[in-house]
Amino acid sequence: MSESLKIGDDVSWRTSQGTTHGTIIKRHTADFQFDGQKFTASRDEPAFIVESAKTGAQAAHKGSALTPL
């Protein structure tokens with residue numbers, strides 16, 4: 001599923017406060033750092049930076065945690 005996700009896609013994901021939605025702003029296919037944390041990513045399992053539509057906050061997520069809208 002994450003192979004079909006791309007920059008600009010609207011997605012939803014779960015947070016401790018419930019489900020939220022936003023937009024993919026970056027796709028990573030190699031390990032990276034974001035907000036002081038290390039994340040793993042590969043071509044087979046990319047990770048994404050998403051921006052919340054409600055707050056504008058950015059977060060990193062595996063593709064498996066994102067649902068296309």
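**Group meeting: a tour of the sheet, the cores and the largest pocket**

Good morning. The structure shown here contains an open sheet of 5 strands, in the order β6-β5-β2-β1-β7, with antiparallel pairing. Please keep in mind that this is a predicted model. In general, strands of a sheet pair through backbone hydrogen bonds, either parallel or antiparallel.

Which strands stand at the edges? They are β6, residues 58–62, and β7, residues 67–68; each has a single partner strand, so one side of each is left without a neighbour in the sheet. For β6, I can add some detail. Its antiparallel pairing with β5 runs over 5 bridges, and within β6 the residue A59 is the bridge partner of V50.

V50 also leads us to the interior. The largest nonpolar core consists of 7 residues, namely L5, V11, W13, I24, F48, V50 and L66. Two elements, β1 and β5 (47–52), give two or more residues to this core. A second, separate core has 6 residues, among them F32, F34, A41 and I49. As a general remark, nonpolar side chains in soluble globular proteins tend to be buried together.

Let me take I24 from the largest core. Residues up to four places away in sequence aside, I24 touches L5, K6, I7, G8, D9, V11, F48, I49, V50 and L66.

I turn now to strand β1, residues 10–15, where S12 lies. Is S12 buried or exposed? S12 has a relative accessible area of 12%, and because the cut-off for buried is under 20%, S12 counts as buried. Beyond its neighbours within four places in sequence, S12 is in contact with T19, T20, H21, A65, L66, T67 and L69.

S16, in the loop between β1 and β2, offers a contrast. Its relative accessibility is 74%, and S16 therefore counts as exposed. From S16 to A41 there are 25 residues in sequence and 23 Å in space, C-alpha to C-alpha.

Finally, the surface. Which residues line the largest pocket? They are W13, T15, T19, T20, S52, K54, T55, A57, Q58 and A59. The pocket has a volume of about 170 Å³. The elements that give two or more residues to its lining are β1, β2 (18–28) and β6. By class, the lining has 3 nonpolar, 6 polar and 1 charged residues. Two of these names have already come up: W13 belongs to the largest nonpolar core, and A59 is the bridge partner of V50.

Thank you for your attention.

Key
Residues numbered from 1 in each chain as written. Predicted model: local features only at pLDDT ≥ 70, side-chain atom pairs only at ≥ 80, totals over all residues. Heavy atoms only, no water. Helix = DSSP H or I, 4+ residues; strand = E, 2+ residues; numbered from the N terminus. Buried < 20%, exposed > 50% of the residue type's maximum accessible area, 1.4 Å probe, protein only. Contact = heavy atoms within 4.5 Å. Core = buried A, V, L, I, M, F, W, Y, C linked by side-chain atoms within 4.5 Å. Pairing = 2+ DSSP bridges. 1 Å grid on protein atoms, 1.4 Å probe; cavity = no way out; pocket = protein on both sides within 12 Å on 5 of 7 lines; lining within 4 Å. Points joined across faces, edges and corners; volume = space filled by probe spheres on them. Nonpolar A, V, L, I, M, F, W, Y, C, P; charged D, E, K, R; others polar.
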